[in-house]
Structure formats: structure tokens, C-alpha cells
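Welcome! Please take a moment with the sequence and the 3D view before reading on.

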Amino acid sequence: MIWEQGAIDVIPPKVNRKLPAEFDPEIYRERNKIERFFGRLKSSFRRIATQYEKTSRNVLSMIKLASVRLWIEFYESAA
């Protein structure tokens, strides 16, 4: 079902796998960045991790606000 939608392997296969699946290391790096970002978002903002918001619009708004706050913290520390 997922393969039919055009999904590709992103996580590298285990080294002991007899028939290793190919993956793209560039996509894996980008996926890792996104996962670390959401991990940081969840650890820093409890409201997003527990999803207090009821509508998808409000959830997206909270994610955007938290993202801007994280970006400002990163930008200020880098400057």
C-alpha cells in the first residue's frame, strides 16, 4: 500500500541483511533534520506534544509559533 503511493526507502538497511535495500543518504540526512526538529519541538513545548488543540488549524498555528520561537532562539545564539 505505501509502495503503491510512491514511497521510497529512506532508512539505511541493517548490515546483516541478505538483500540490502538501496537508500538515498541525502534524503536520510534531510529526514533526520526533520525528526530532530520535531523532537525538539515536542520536548520544548508540552502543548504541542500533548495536542491540547482540537482543530488541525490550531495545531498548525501552534507548530508555526513554536517553530518561530525556536528559530529566534537559534538565530540569537548564533549572532
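Here is a short tour of confidence, the largest pocket, aromatic pairs and salt bridges.

This is a predicted model. The protein chain has an average pLDDT of 84, and 99% of the residues reach at least 70. A search of the whole structure turns up six salt bridges, and the structure also holds two aromatic pairs.

**Confidence by element**
- Among the elements of the protein chain, α1 has the highest mean pLDDT, at 88, while helix α2 (residues 46-50) has the lowest, at 82.

**The largest pocket**
- The largest pocket encloses about 180 Å³ of space.
- Its lining is made up of Arg36, Phe37, Arg40, Ser67, Leu70, Trp71 and Phe74.
- Both α1 (25-44) and α3 (56-78) supply at least two residues of this lining, and α3 gives the most, with four residues.
- By character, the lining of the largest pocket has four nonpolar residues, one polar and two charged.

**Aromatic pairs**
- The structure has two aromatic pairs. In one of them, the ring centres of Phe37 and Phe38 are 5.3 Å apart and the planes stand at 75°, so this pair is edge-to-face.
- Phe37 is partly exposed, with 31% relative accessibility, and Phe38 is partly exposed too, at 38%.
- The rings of Trp71 and Tyr75 also have centres 5.3 Å apart, but their planes meet at 15°, so this pair is stacked.
- Trp71 and Tyr75 sit four residues apart in helix α3, about one turn of the helix.
- Trp71 counts as exposed because its relative accessibility of 52% is over 50%, whereas Tyr75, at 48%, is partly exposed.

**Salt bridges within helix α1**
- Side chains of opposite charge can pair when their charged atoms come close.
- Lys33 and Glu30 form one such salt bridge, at 3.5 Å from N to O; these two residues of helix α1 are three residues apart, about one turn of the helix.
- Arg31 pairs with Glu35 in a salt bridge, with the closest N and O atoms 2.7 Å apart; both lie in helix α1, four residues apart.
- Arg31 is partly exposed at 28% relative accessibility, and Glu35 is partly exposed at 45%.

**A link between helices**
- Arg40 forms a salt bridge with Glu73, where the closest N and O atoms are 3.9 Å apart.
- Arg40 belongs to helix α1 and Glu73 to helix α3, so the pair ties together parts that are 33 residues apart in sequence.
- Arg40, Arg69 and Glu73 are joined in a network of salt bridges.
- Arg40 also helps line the largest pocket.

Technical notes: Residues are numbered from 1 along each chain as its sequence is written. This is a predicted model: local features need pLDDT of at least 70, side-chain atom pairs count only at pLDDT 80 or more; totals for chains, interfaces and linings use all residues. Side-chain values use heavy atoms; hydrogens and water are left out. On a 1 Å grid over the protein atoms alone, a cavity is a set of points where a 1.4 Å probe fits but cannot get out, and a pocket is an open set with protein on both sides within 12 Å along at least five of seven lines; lining residues have an atom within 4 Å of a point. Grid points are joined across faces, edges and corners, and a volume is the space filled by probe spheres set on the points. Ala, Val, Leu, Ile, Met, Phe, Trp, Tyr, Cys and Pro count as nonpolar, Asp, Glu, Lys and Arg as charged, and the others, Gly among them, as polar. pLDDT is the predictor's confidence in each residue, from 0 to 100. Rings of Phe, Tyr and Trp (its six-membered ring) pair if their centres lie within 6.5 Å; planes under 30 degrees apart count as stacked, over 60 as edge-to-face and the rest as tilted. Buried means under 20% relative accessible area, exposed over 50%, partly exposed in between (1.4 Å probe, protein chains only). A salt bridge is a side-chain nitrogen of Lys or Arg within 4 Å of a carboxyl oxygen of Asp or Glu.
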